[in-house]
Amino acid sequence: MAITPLMTLKLVNELKKRDGARIASMGYPDIIASEKLISQLTTGCLKPLAYRVDSDAICQRHGIEPARRIPDAESFFGVFGAKLDVFDIVQERGGEILCDLNYPIAPDHAKQYDFVLDVGTLEHCFNIAQAAFNMAGLVKVGGMIFHENPSTGWNNHGFYALQPTWYADFYGQPGWELRDCRMR
């Protein structure tokens, strides 16, 4: 699972507006933006950026050019003063908060996060409604959820191909606002 360059840019723009933000990511968010964009986004930041020792494997996993350094997500968000928590069904990278999004998440995580990232997880949850409510339940009032899910053309990828109307209907509920929705 990865956070694309567009999502990275939009999220960083929001992070710069909030000191001490908390981020919940559904799965580990590999930062696959170009080194040039990462450098531009982190210029002037005081904390050094750490990179993944398994960068080549991450590049291969996502089908991007090898010999490219991939930032450690916790370090990347920490540069902007944010803290990252990763929710996952398995301990893949270490430090994940174990949960199965098909079932309700423990209530002690409710309304704790400024940003929730769905970096390609929702379509893999059989109980998609529960998974969506779990993600929504993590967000503080005034927080945001970023989704990146396939809509079509990814045959045999996950259980669902979400359409724009899904987001419009789900986030059309009272208390929510759909700020941006696009297909690529």
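Does Cys59 count as buried or exposed, or what else does its relative accessibility make of it? I looked this up before anything else, in what is a predicted model, and found that Cys59 counts as buried because its relative accessibility is 0%.

**Cysteines**

I then went through the sulfur atoms and noted zero disulfides in the structure. Cys181 is in no disulfide, and the nearest cysteine sulfur, which belongs to Cys125, is 19 Å away; a pair would have to lie within 2.5 Å to count. Cys181 has a relative accessibility of 36%, so I entered this residue as partly exposed.

**The sheet**

Which order do the strands of the open sheet have? I read the order as β5-β4-β2-β6-β7, five strands with parallel pairing. Because β5 and β7 each have a single partner strand, they stand at the edges, and one side of each is left without a neighbour in the sheet. I kept in mind that strands of a sheet pair through backbone hydrogen bonds, either parallel or antiparallel.

I went along the pairings one by one, starting from strand β2, residues 22-26, which pairs with β4 in the parallel sense over five bridges. β2 also pairs with strand β6, residues 113-118, again in the parallel sense, over four bridges. Ala24 turned up in both of my lookups, since this residue stands opposite Asp85 in β4 and opposite Val116 in β6.

On the other side of my list, β4 pairs with strand β5, residues 97-98, in the parallel sense over two bridges, and there I noted Leu98 in β5 as the bridge partner of Asp88. How many of the six residues of β4 are buried? I found five of them buried, so that strand β4, residues 83-88, is mostly covered.

**Pockets**

For the largest pocket I wrote down a volume of about 1500 Å³. Its lining is made by 48 residues, and those nearest the centre are Met7, Phe146, His147, Glu148 and Asn149. I sorted the lining of this pocket into 22 nonpolar, 14 polar and 12 charged residues. Which element gives the largest share of that lining? It is β7, with nine residues, while the elements that each supply at least two residues include α1 (5-15), α3 (55-62) and α6 (164-170).

The second largest pocket holds about 230 Å³ of space. I counted 13 residues lining this pocket, with Asp88, Ile89, Thr121, His124 and Cys125 closest to its centre. Its lining divides into seven nonpolar, four polar and two charged residues. Asp88 thus appears twice in my notes, as the bridge partner of Leu98 and among the residues closest to the centre of the second largest pocket.

**Aromatic rings**

My search for ring pairs returned 12 aromatic pairs in the structure. One of them joins Phe76 and Phe77, with 5.5 Å centre to centre and 70° between the planes, and I recorded the pair as edge-to-face. Both Phe76 and Phe77 are buried. Phe170 and Tyr171 form another edge-to-face pair, at 4.9 Å centre to centre and 85° between the planes, and these two residues are likewise buried. I closed the entry with the aromatic cluster to which Phe170 and Tyr171 belong, whose members also include Phe133, Trp166, Tyr167 and Trp176.

Methods:
Residues are numbered from 1 along each chain as its sequence is written. This is a predicted model: local features need pLDDT of at least 70, side-chain atom pairs count only at pLDDT 80 or more; totals for chains, interfaces and linings use all residues. Side-chain values use heavy atoms; hydrogens and water are left out. Buried means under 20% relative accessible area, exposed over 50%, partly exposed in between (1.4 Å probe, protein chains only). Two strands pair if DSSP finds at least two bridges between them. On a 1 Å grid over the protein atoms alone, a cavity is a set of points where a 1.4 Å probe fits but cannot get out, and a pocket is an open set with protein on both sides within 12 Å along at least five of seven lines; lining residues have an atom within 4 Å of a point. Grid points are joined across faces, edges and corners, and a volume is the space filled by probe spheres set on the points. Ala, Val, Leu, Ile, Met, Phe, Trp, Tyr, Cys and Pro count as nonpolar, Asp, Glu, Lys and Arg as charged, and the others, Gly among them, as polar. Rings of Phe, Tyr and Trp (its six-membered ring) pair if their centres lie within 6.5 Å; planes under 30 degrees apart count as stacked, over 60 as edge-to-face and the rest as tilted.
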